[in-house]
Amino acid sequence: MKKSNGLLKIARAVLPYLLAVVAAFAAAGVFIALMGFDVFKAYGTILFTSFRTPNGFVQTLLKFVPLVLQALAFTIPLTAGKFNIGGEGQLLVGATAATVAGIVFAQLPPILLVPLVLLAGVLGGALWGLIPGWLLYRFGINEILTTVLLNFVSFNLVNYVCTGPLRDPAAGHPTTIAIGQNGWLPMLINNPPLHSGILLAILVVAVVYYAITRTVSGYELVATGANPRAAGVFGINTRWMFIASLVIAGGVGGLSGALEVAGVQHRLIEGMQHNFLVLGLIIGLIAKGNNLAVPFVAFFISVLEVGASAMQRTLMIPVEMVFIVEALILVFVLLSDLVQKRVS
């Protein structure tokens, strides 16, 4: 009886999401049909490209790594009632710090250089998260404004590094020289290539979930987000909680940049942030800030992203159509929440 009740609860929790996905695909399908494309071929390509070949599945996992970390960089401060819109900047600063460490200390053995590169990325991102945290603590400046503006600062920082003394003169695009090969992440498989960063990303998800649900600090973070005034009355230093959430989020965002450098690009490239910020926000909002739900949503969005690229190559349908689908999923999830609240 208990088992059936548990399954019923899971079904009730998942059903609104499934309906939101179906509604989003149905709505976007109307646009695809009006554009003169085959809706069934388009959705078949989007949903199944990741599972048709080993290369497609590996590409999905590689996309999953930065997306899940960027989503966590958004949901961790959200737990404390704060909005980190600077995940992209934290990724870039983390990637920059990882690249500099990988070039300067290129002669170190792998057992030292790989951790150093990753640590540099984490510290770089955490420092970038500390800035809006300190401005919020000291002057009460809204973290949304500062994190957004710091994104633009990071764009120029990357441009300076990629066109400055670390520039690769042989590259046609602004990029640095490669980090030392000893700083590259070990590979899980070589053909198709999959680096070990995915294990680290999953470990970070587990640690964040455990820390928030099983530790005193996690409880204080949740209490701060639920009602900061009441949390303060019970002795929780809410202002420190705000700063800590932004610094930790920055470290996670910086790690996503370091993994891109050490596992995929092996150098800093201007524009390497792609649309990770927007996708991270969408994942975090669809997951409604639930850190346990984040990896599942991130994997689904990764499937859509890989499928979108294949759809553009094979059917000539604009890849932006997937952005419409993702935005519609978010809209329908929010609508389902509103309906459930009014019904209850």
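# Pockets, core and backbone exceptions in a predicted model

α3 gives the most to the lining of the second largest pocket, contributing six residues. The structure is a predicted model, and this pocket is a convenient place to enter it. The volume of the second largest pocket is about 310 Å³. It is lined by 17 residues, and those closest to its centre are Gln 59, Leu 62, Lys 63, Val 306 and Ser 309. Two or more lining residues come from each of α3 (54-79), α10 (238-265) and α12. Sorted by class, the lining of the second largest pocket holds six nonpolar, eight polar and three charged residues.

The largest pocket has about 480 Å³ of space. Its lining also has a stated count of 17 residues, with Tyr 17, Ile 286, Ala 293, Phe 296 and Val 297 nearest the centre. The elements that supply two or more residues to the lining of the largest pocket are α1 (2-34), α12 (294-315) and α13 (320-343). Of these, α1 provides the largest share, five residues. By class, the lining of the largest pocket divides into 15 nonpolar residues, one polar and one charged. The helix α12 therefore appears in the lining of the largest pocket and in that of the second largest pocket, under the element ranges as assigned from DSSP runs.

Next come the enclosed spaces. How many cavities of 30 Å³ or more does the structure hold? There is one cavity of that size. The volume of the largest cavity is about 40 Å³. Its lining is made of Gln 70, Ala 73, Phe 74, Asn 84, Gly 87, Phe 276, Leu 277, Gly 280 and Leu 281. Two elements give two or more residues to this lining, α3 and α11 (276-286). The most comes from α11, with four residues. The lining of the largest cavity has five nonpolar and four polar residues, and no charged ones.

The helix α3 returns in the packing of the interior. The largest nonpolar core contains 78 residues, and those with the most contacts inside it are Val 68, Leu 69, Leu 72, Leu 118, Ile 283 and Ile 329. With eleven residues, α3 gives the most to this core. One of the core residues with the most contacts, Leu 69, can be followed outward from its position. Apart from neighbours within four places in sequence, Leu 69 is in contact with Ala 201, Val 204, Val 252, Leu 255, Ser 256 and Leu 259.

Another view of the packing comes from helix α8 (residues 216-226), whose buried residues are Gly 218, Leu 221, Ala 223 and Thr 224. These buried residues pack against α3, α7 (197-214), α9 (228-233) and α10.

The UniProt record can be set beside the model. In an unreviewed entry, the annotation "transmembrane region" covers residues 12-37, 57-79, 91-108, 114-137, 194-212, 240-264, 276-303 and 315-335. Two of these spans can be described by their geometry. Residues 91-108 are 78% helix and 0% strand, and the end C-alpha atoms of the span lie 24 Å apart. Residues 276-303 are 75% helix and 0% strand, and there the end C-alpha atoms are 14 Å apart.

The backbone has some local exceptions. Most residues other than glycine have a negative phi, and most peptide bonds are trans. The peptide bond from Asn 191 to Pro 192 is cis, with omega near 0 degrees. Pro 192 is in the loop between β1 (187-190) and β2 (193-195).

Two residues other than glycine have a positive phi to note here: His 266, where phi is near 65 degrees, and Lys 288, where phi is near 55 degrees. His 266 is placed in the loop between α10 and α11, while Lys 288 is found in the loop between α11 and α12. Is each of them buried, partly exposed or exposed? His 266 has a relative accessible area of 16%, so it counts as buried, the cut-off being under 20%. Lys 288 has a relative accessible area of 43% and is therefore partly exposed, because that class lies between the cut-offs of 20% and 50%.

Definitions and conventions
Residues numbered from 1 in each chain as written. Predicted model: local features only at pLDDT ≥ 70, side-chain atom pairs only at ≥ 80, totals over all residues. Heavy atoms only, no water. UniProt positions renumbered as here; feature names shortened; annotations may be inferred. 1 Å grid on protein atoms, 1.4 Å probe; cavity = no way out; pocket = protein on both sides within 12 Å on 5 of 7 lines; lining within 4 Å. Points joined across faces, edges and corners; volume = space filled by probe spheres on them. Nonpolar A, V, L, I, M, F, W, Y, C, P; charged D, E, K, R; others polar. Core = buried A, V, L, I, M, F, W, Y, C linked by side-chain atoms within 4.5 Å. Buried < 20%, exposed > 50% of the residue type's maximum accessible area, 1.4 Å probe, protein only. Contact = heavy atoms within 4.5 Å.
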